[in-house]
Amino acid sequence: MKPSIYNMFATIPGSEDYVFMNTLSLCKAILDADTKKALEKGNFQDIDKATLKSLKDLGAIVEDHVDEKTILKVVYEKDINDTDMLELGVLPTLNCNLACPFCYRIKEEDSKRIVGKSITDRVIKFTKKTIIENECKDLLMGLTGGEPLLVMDRSLRLVGELYNFCEKYGVGFQALIGTNATLLTQETIDAFSDYPVRFCTSLDGPKEINDKRRPYTSGKGSYDDIIKSIKRAKKSGMLCRIATTLDKQNIDHVDRYLDELIENGLEGASIVLGPTRGDIGTLCDRPPAWIRNHCFAGTELPNILPKIWRKVMDKKFRLNAFEGTFHENPGRRLQFIVGVYGDVYKSCGGVGSGKKELCVGNLDENGTLNYNHVYYQYMAYDIFSDPKCKDCSVLPICQGKIDTLGLGDDGMMYKGDCESFKELLAGALVVYLEQAYPEAFKA
Amino acid sequence: MGVKKSGRKGKKMKVIVLEEPLEKKVGALDYMGFKSAKSLKTGCCDAKLLSSQSRFVRDISDSDSSSGSCEADGFMIGCCIIHPL
């Protein structure tokens with residue numbers, strides 16, 4: 001027997017025990033220091049049969065002949081080549097009625113856009129063709145921008161026409177609309193209520209702070225309108241998650257932010273917390289100076305985020321710190337994001353941000369995706385050969401972090417910092433387990 | 001969840017199992033929802049009837065807290081609504 005290569009450990013604050021996870025099996029446990037040491041050294045002589053069986057069941061120990069890398073490789077390749085689900089993102093516009101200082105979208109691109117209707121036609125044709133050719137069973141569509149509700153006709157047509165198509169062919173359908181919610185009127189909610197649509201909106205702090213960060217182009221604050229929209233959506237039975245961008249400006253106002261949400265009747269809301277990233281320059285041509293001035297260094301995040309996660313969860317909001325660290329994989333065959341020109345990307349990096357070097361192709365008027373060489377770079381990227389990844393214990397979780405691939409100043413593909421990610425994953429795991437199994441941590 | 005404190009030679013070993021494999025001998029990638037989308041077939045067309053097992057529900061209720069972003073309105077595909085670190 002030997003220890004799994006996918007074992008990871010995390011310290012528990014105020015305890016001599018450790019949280020354990022096997023990233024391949026996703027089994028989780030609390031271990032004492034001796035058991036951790038035995039697993040790290042591969043020395044199981046002092047472990048009795050019952051404990052050994054437990055550790056084997058957890059995937060912490062495997063038989064000598066088991067090659068876990070091969071298992072991961074087979075499962076991974078099966079997944080990225082899976083055609084059951086088409087994941088399609090669309091940016092129907094890059095225009096926006098807010099003027100957030102950290103936004104990196106290149107709004108003026110929108111004015112040069114080819115007629116919106118023709119691009120919408122191309123997206124619809126492409127989606128239908130892809131579903132039929134691949135016999136997809138589900139379509140997951142995301143709309144964002146810019147503000148997608150500024151072009152309600154396009155957004156509603158994309159949702160309605162593709163939903164009806166999916167209904168006709170027995171294909172599952174879900175749409176997620178990322179909106180600033182300022183235009184989420186009752187009329188808009190009603191228009192989408194016939195479809196399986198949910199919303200995600202941004203709110204960046206208590207009123208005073210949010211209004212500095214998310215003002216209308218006129219300078220007026222958006223907080224009151226956003227709150228009204230979230231409550232309206234909730235009352236109408238539409239799911240609406242709140243996404244909060246964190247940086248040095250609002251990090252100290254989280255308590256008041258959460259209290260104000262509760263005062264507004266939004267207790268228990270689902271919240272996403274996303275820190276601004278300092279390396280955004282690899283994904284966009286003109287990173288706003290705001291980000292450089294206000295973002296946290298990656299190395300700071302493992303110390304900062306767990307404290308914020310605990311605050312959010314202590315106040316009974318819905319948040320899963322742990323699964324939030326999972327990465328999407330743009331290496332998936334059927335994952336595309338379409339920009340306002342009909343330009344297609346494999347990950348959110350690049351789209352609408354002027355980083356055209358990350359574009360993998362374009363949709364023609366027949367809805368055919370004409371790939372360029374970048375597509376093949378993405379698809380050929382081998383996480384099992386990457387020296388940083390091939391022996392990494394968290395590879396089954398991060399999947400090589402391909403979704404963070406951007407272009408550095410040297411023109412080379414660049415990936416985000418791995419060490420901070422591992423620390424953050426460990427912190428997220430502890431916070432998640434403490435909340436999910438409080439009794440176990442008292443033992 | 002079970003607590004085992006045992007060990008030969010008088011040494012106490014502590015293993016508190018919190019989560020076991022959902023499907024034995026299936027890798028983490030499967031668990032991460034890539035197959036659960038099939039469960040949508042029974043209720044996907046009504047947002048109010050979404051199966052708690054479906055990937056889509058997991059997306060809105062469970063994910064994402066640690067991802068990095070420069071704009072939380074940002075793109076959402078699957079469970080990634082904002083840029084990962």
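1. Terms for strands. Two strands pair if DSSP finds at least two bridges between them. Helices (H or I, at least four residues) and strands (E, at least two) are DSSP runs, numbered from the N terminus.

2. Ground rules. This is a predicted model, in which local features need pLDDT of at least 70, side-chain atom pairs count only at pLDDT 80 or more, and totals for chains, interfaces and linings use all residues. Residues are numbered from 1 along each chain as its sequence is written, chains are lettered from A and ligands numbered from 1 in the order in which they are written, and side-chain values use heavy atoms, with hydrogens and water left out.

3. Confidence in the complex. The predictor gives an ipTM of 0.82. The pTM is 0.84.

4. Strand β3 of chain A, on one side. Start with β3(A), residues 18–22. Four of its five residues are buried (under 20% relative accessible area; exposed is over 50%, partly exposed in between; 1.4 Å probe, protein chains only). β3(A) pairs with β2(A), residues 7–11, in the antiparallel sense. Five bridges join the two. A:Phe20 of β3(A) has A:Phe9 opposite. The two strands form a hairpin, with six residues between them. A:Gly14 sits in that turn, with a positive phi of about 75 degrees.

5. Strand β3 of chain A, on to β4. β3(A) also runs antiparallel to β4(A), residues 28–31. Here there are four bridges. A:Phe20 stands opposite A:Ala29 in β4(A). This is a hairpin as well, with five residues between the strands. A:Leu26 in the turn has a positive phi of about 65 degrees. One general point on strands: in a regular strand, side chains alternate between the two faces of the sheet.

6. A residue to look up: A:Val338. Where does A:Val338 lie? Its place is in strand β12 of chain A, residues 335–338. Is A:Val338 buried or exposed? A:Val338 is buried, because its relative accessible area is 0%. A:Val338 and A:Leu88 are 250 residues apart in sequence, but 7.7 Å apart in space, C-alpha to C-alpha. Leaving aside neighbours within four places in sequence, A:Val338 has contacts (heavy atoms within 4.5 Å) that include A:Leu88, A:Val90, A:Val123, A:Val351 and A:Leu363.

7. Cysteines. How many disulfides are there over all chains? The count is zero, taking a disulfide as a pair of cysteine sulfur atoms within 2.5 Å. Why does A:Cys240 have no bond to A:Cys200? The closest cysteine sulfur to that of A:Cys240 is in A:Cys200, and at 7.0 Å it is too far for a bond. A:Cys240 counts as buried, at 16% relative accessibility. A:Cys166 counts as buried too, at 1%.

8. Chain B, layout. Chain B has two helices and two strands. From the N terminus on, they run β-β-α-α. Buried residues make up 62% of its 85 residues. Chain B exposes about 3600 Å² (Shrake-Rupley method, 1.4 Å probe; for residues, only the protein chains shown count as cover). Carbon and sulfur atoms supply 51% of that area.

9. Chain B, caution. The mean pLDDT (the predictor's confidence in each residue, from 0 to 100) of chain B is 41. Only 11% of its residues reach 70 or more. Over residues 24–85 of chain B the pLDDT is below 50. Beyond near neighbours in sequence, this stretch still has 235 contacts in the model. Among the elements of chain B, β2(B), residues 13–19, has the highest mean pLDDT, 89. Helix α2(B), residues 55–62, has the lowest, 32.
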